[in-house]
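Trainee: Before we start, could you take me through this structure step by step?

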Amino acid sequence: MARTDERFRATFNAVLDECSALKPGDLLASELALAAQFDVSRTVIRSILERLDMIGVVQWRGRQKALMRTPRPDEWLTVNASQVSPEELERQFLYWILRFDVPPGTPLNVAELARQFRVSVHGLQEFLASLSRFGLVKRRPKNGWELVGFTSDFAIELSDFRMMIELNAISQLIALPDGHQIWHRIEELDEAHRALAVAIDERFHDFSLLDERFHLAIGSITRNRFVAEFQKVISLIFHYHYQWDKKDERERNAAAIDEHLRLIAALKSRDETAALAAARDHLRTSKQTLLSSLRIHALS
């Protein structure tokens, strides 16, 4: 299997994962947003959309890409297990947890999950060992693994920890010199937020990706290996929760954009007090949105 074909297959499967989180009639993100999310060219994304349109999963008409039906299990493509990246395995596994396919306390069938995620059993065992540091899985007394699960308590603890590390990152960011590359990223994010705000009626689904970019940019200046590990999990969880709760999605995303812009303005003016206040308000809102999403998803 050629490397380009492997890349296409892996990305196609990742897009199917995204489609599985949507309901028929929901719109997919823009081609540009999908290309950035999966780190591939727009040509690859177009090829994937063509295939999805051909098999009837998505109806692609110009800029509009509407989900027609939920993907079937047999529509995921086979990928060489040795080529699945650790990042892709992490994304697939966390996505599976966040969909509540199994209740907390359920034993994990490593052989079955290895086939499902297209990795070797040894590779999955190593991944579970690394993930156990986050408290989402744990070893069973007589060997094997158990899913601890994503609960309201976990969401609260995760949100509180996110508050601590991001407020610390903001204080560090404010003190950086004008020539630091972070200020160029802040300018780009400012422009991206304003562009999305203008087109919010058509593009409000794109906010989750922009939110992920924004918070990762803030955290990127923290030179702490432990924080970096947790940021990946935090980012994915807060990214996916936007896909659970469709109620008032446009209004919530528009409000979050305004909160981001308030923080960006304070950062650009080097006003630490205002920046910390804006961050606290936004993270409190995000925490409540996450908890609300959990309740709604649990009832669905």
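Trainee: How many salt bridges does the count come to?

Mentor: This is a predicted model, in which local features need pLDDT of at least 70 and side-chain atom pairs count only at pLDDT 80 or more, while totals for chains, interfaces and linings use all residues. Residues are numbered from 1 along each chain as its sequence is written, and side-chain values use heavy atoms, with hydrogens and water left out. A salt bridge is taken as a side-chain nitrogen of Lys or Arg within 4 Å of a carboxyl oxygen of Asp or Glu, and by this rule the count comes to 18.

Trainee: Which side chain meets Arg 46 in a salt bridge?

Mentor: Helices here are DSSP runs of H or I with at least four residues, strands are runs of E with at least two, and both are numbered from the N terminus. Arg 46 lies in helix α3 and its partner in helix α2, so the pair ties together parts that are 15 residues apart in sequence. The N to O distance is 3.0 Å, and the partner is Glu 31.

Trainee: Is Glu 31 buried or exposed?

Mentor: Buried means under 20% relative accessible area, exposed over 50%, and partly exposed in between, with a 1.4 Å probe and protein chains only. Arg 46, at 32%, counts as partly exposed. Glu 31 has a relative accessible area of 12%, so Glu 31 is buried.

Trainee: At roughly what angle do the axes of α2 and α3 cross?

Mentor: Axes are lines fitted to C-alpha atoms, for helices over the stretch in contact (heavy atoms within 4.5 Å), and angles run from 0 to 180 degrees between N-to-C directions. The axes of α2 (residues 31-38) and α3 (residues 42-54) come within 9 Å and cross at roughly 110°.

Trainee: Which residue of α8 forms a salt bridge with Arg 194?

Mentor: Both partners lie in helix α8 (residues 182-198), 4 residues apart, which is about one turn of the helix. Arg 194 is partly exposed at 47%, whereas its partner is buried at 6%. The closest N and O atoms are 2.8 Å apart, and the partner is Asp 190.

Trainee: Which residue stands opposite Trp 60 in β2?

Mentor: Strands pair if DSSP finds at least two bridges between them, and β1 pairs with β2 (residues 64-67) in the antiparallel sense over 4 bridges. Along β1 (residues 58-61), Val 58 and Trp 60 point to one face and are buried, while Gln 59 and Arg 61 point to the other and are not. Opposite Trp 60 in β2 stands Lys 65.
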